[in-house]
Every structure is written in C-alpha cells, then in structure tokens.
Amino acid sequence: MTADSRAEPGTVTGILANLRRAPRRLRRGSRDVIEAAVSQLFDAAARDPGAANSGEYRIEELARLAGTTTRNIRVYRDRGLLPAPLRVGRIALYNDTHLTRLRLVTSMLDRGYNIAHVKEMLAAWENGKSLADVLGLESAIAGTWTTEHPETMSRRAAEALIANPAAFTRLVDLEIIRVDGMSATITRPKLIAAFREISGYGVDIETLIDLHEQILPHLDAVSDLLVRAGADHVLGRINPGEALPEDTEIAELITMLVRFRTQAVASVTATLASSIESTIESMVGSLLSDVLAPPNA
C-alpha cells in the first residue's frame, strides 16, 4: 500500500494530514481540536484494516471470542462479509481484523439487518465513512476506541434508574452521571448496569459505589504500569527536539498502542477472572466445610 493511499480520509495518516493542514493558530490554541483529533486517530487505528495484527486464531477460537459459531463464520466468509484467512498448510488462521469485523457483522445482524445490507455498510465503513454518522450504528462498532458510549435521558429517568437519591448524588460527584438541567447523561452505562444487576441480589448500591471508589485507584495504577510499558516503546522512537517521524511511522506507533491496549485488557481480564474464580472457590469451599462439619465440632 502506498503512502498516498494510506492518507485517504478516515485513515490514521489521513487524519494526521488534515491536522497538519489546519491553521497554526487553530492547532495550537484549541483544546477541542486536539481532543477531537485524538479521538479520531485512536478510532481509525482501532479499525484500520491494514494495521498490523496482534493475534492469530483458528476458526474455533475466533467463533468463541466473537460469540458465534464456526458455521456462521464460514457463511459470512462465503458471502464476502469476512476476508479469507491466512492459510498455513491445511490450517486457516484468522487475526484481530477478522475478529473486529466479525463482531461488527454479528452485531448488525442482531439488529435486524440482512446480509446484503451489512455488506453494503461494511463497504461504506472501509471507505472511511462513519457508521455512526451515516447509519446511526455507533454502538454496533465493536472495534472502536471507546469501550462505552454515554447514554442521555431525562434527569427524572436517570433518578428512577438509580432509585436512591443519595447514591444518585454520589454518582454525579464521581461524574459517572452528568446532569445538565433536566437531562442527565450516564457516562458509564455498563457500570450502572452492573450496579443494578448486583443490587438486585440485595447488595445496597451505595456499598457498590464504596467498592468502586476503593478499587478505582488500584485499577488506575495497573493501567499506568501497562500504558507506560507501551509508551516507552513509542517514545523511544521519537527524539525530543528533533523532527517528528513521517506520518506513516506515527500511524504505526498509534496503531501499536491501540493493539497493545487490546491485549493488555485481555490479559488483565483473564488474570482478574482467574483470581476471582479462585477466591470464590475458596469461599464456597469454606462455606461447604462449615455446612458439612458436625454440629459439635
């Protein structure tokens, strides 16, 4: 792929090129421009079909990770919704691009779109158009940079969702909910959904907020360690005081960080799940020991 082709609208290098063409005053003086550019860069890097891939999966593992079946994967591949896998002898290997695209396909099909419509939408996506802008399917893109999309509703609806005035106030203070007049925005809808589900078992939501506040600093520390590991590699290729690398190299560095984020999340999630499982097993084992112990033991 040539440098010119990589600078097409919607690609990392294309966004960098547009940013460089912006007036100097605008580039230096507007935080909004920088924030928007960062968001666009990471989103483009996350879905760049030409990016380096960090994972290789056989069809069974790909199906498991995407929550679908091997039969569906073969159908999607035959219909042109998935690119062909890499062939190593008789083994077919898929990568992170296949996984991201497969999650997008299954999400759109779940929304009621047929295969022909999905194929048309994927073509628009690959041409640099935003599915969110063109089709209103922002939440369908499983491979975008942002893991959660805020949900806006009336303040009354948000208060009813939490069903605890004190907890609502605390969530506002934590900026998990943002209030603007009579409307409210849930900035962490997955977290709120988890709070609501767990509170359905009888755990007070304020206890869950306490736990969140206690856990957050530890998660931030883990995040800092992981990101610094990836950032050290990137910053080692950028010499302060010297000219920045070419846009294509910057694009590769940004893409590397995005892929690093994917694998870091996967590794931490697996480790945390294993730790929680061990803790639960130990706790249940202790409970059963008490249940089975003789009354006078």
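Tutor: Let's start with a term: two strands pair if DSSP finds at least two bridges between them. Keep in mind that we're looking at a predicted model. In it, arginine 87 has a bridge partner in β3, namely alanine 92.

Student: What makes β2 and β3 a pair?

Tutor: Pairing takes at least two bridges. Strand β2 (residues 86-88) shares 3 bridges with β3, in the antiparallel sense. That meets the cut-off, so they count as paired. In their hairpin, 2 residues sit between the strands, and glycine 89 takes a positive phi near 65°.

Student: How do you know that strand β1 pairs with β3?

Tutor: The same test, where at least two bridges are needed. Strand β1 (residues 56-57) and β3 have 2 bridges, again antiparallel, so the requirement is met. Glutamate 56, for instance, has asparagine 95 as its bridge partner in β3.

Student: Why is β3 called largely enclosed?

Tutor: A residue is buried when its relative accessible area is under 20%. In β3 (residues 91-95), 4 of the 5 residues are buried, so the rest of the structure largely encloses this strand. Across the protein, 30% of the 297 residues count as buried.

Student: Why are β4 and β5 said to stand at the edges of their sheet?

Tutor: That open sheet has 3 strands in the order β4-β6-β5, with antiparallel pairing. β4 (151-154) and β5 (177-180) each have a single partner strand, so one side of each lacks a neighbour in the sheet. From one strand to the next, the twist averages 25°.

Student: What makes β5 and β6 partners?

Tutor: They are joined by 4 bridges and run antiparallel, with β6 covering residues 183-186. Since at least two bridges are required, the 4 here qualify them as a pair. Across that pairing, isoleucine 177 stands opposite isoleucine 186 in β6.

Student: Why is valine 284 called partly exposed, rather than buried or exposed?

Tutor: Buried is under 20%, exposed is over 50%, and partly exposed lies in between. Valine 284 has a relative accessible area of 41%, so it lands in the partly exposed class. You'll find valine 284 in helix α14 (residues 247-292).

Student: How do you know that valine 284 is accessible enough for a surface patch?

Tutor: Patch residues need over 30% relative accessible area, and valine 284 has 41%, so it clears that bar. Its nonpolar patch also includes Leu272, Ile276, Ile280 and Leu288, with about 440 Å² of accessible area together.

Methods:
Residues are numbered from 1 along each chain as its sequence is written. This is a predicted model: local features need pLDDT of at least 70, side-chain atom pairs count only at pLDDT 80 or more; totals for chains, interfaces and linings use all residues. Side-chain values use heavy atoms; hydrogens and water are left out. Axes are lines fitted to C-alpha atoms, for helices over the stretch in contact, and angles run from 0 to 180 degrees between N-to-C directions. Patches are made of residues with over 30% relative accessible area and no salt bridge: like charges are joined within 9 Å, nonpolar side chains (Val, Leu, Ile, Met, Phe, Trp, Tyr) within 5 Å. Accessible areas come from the Shrake-Rupley method with a 1.4 Å probe; for residues, only the protein chains shown count as cover. A salt bridge is a side-chain nitrogen of Lys or Arg within 4 Å of a carboxyl oxygen of Asp or Glu. Buried means under 20% relative accessible area, exposed over 50%, partly exposed in between (1.4 Å probe, protein chains only).
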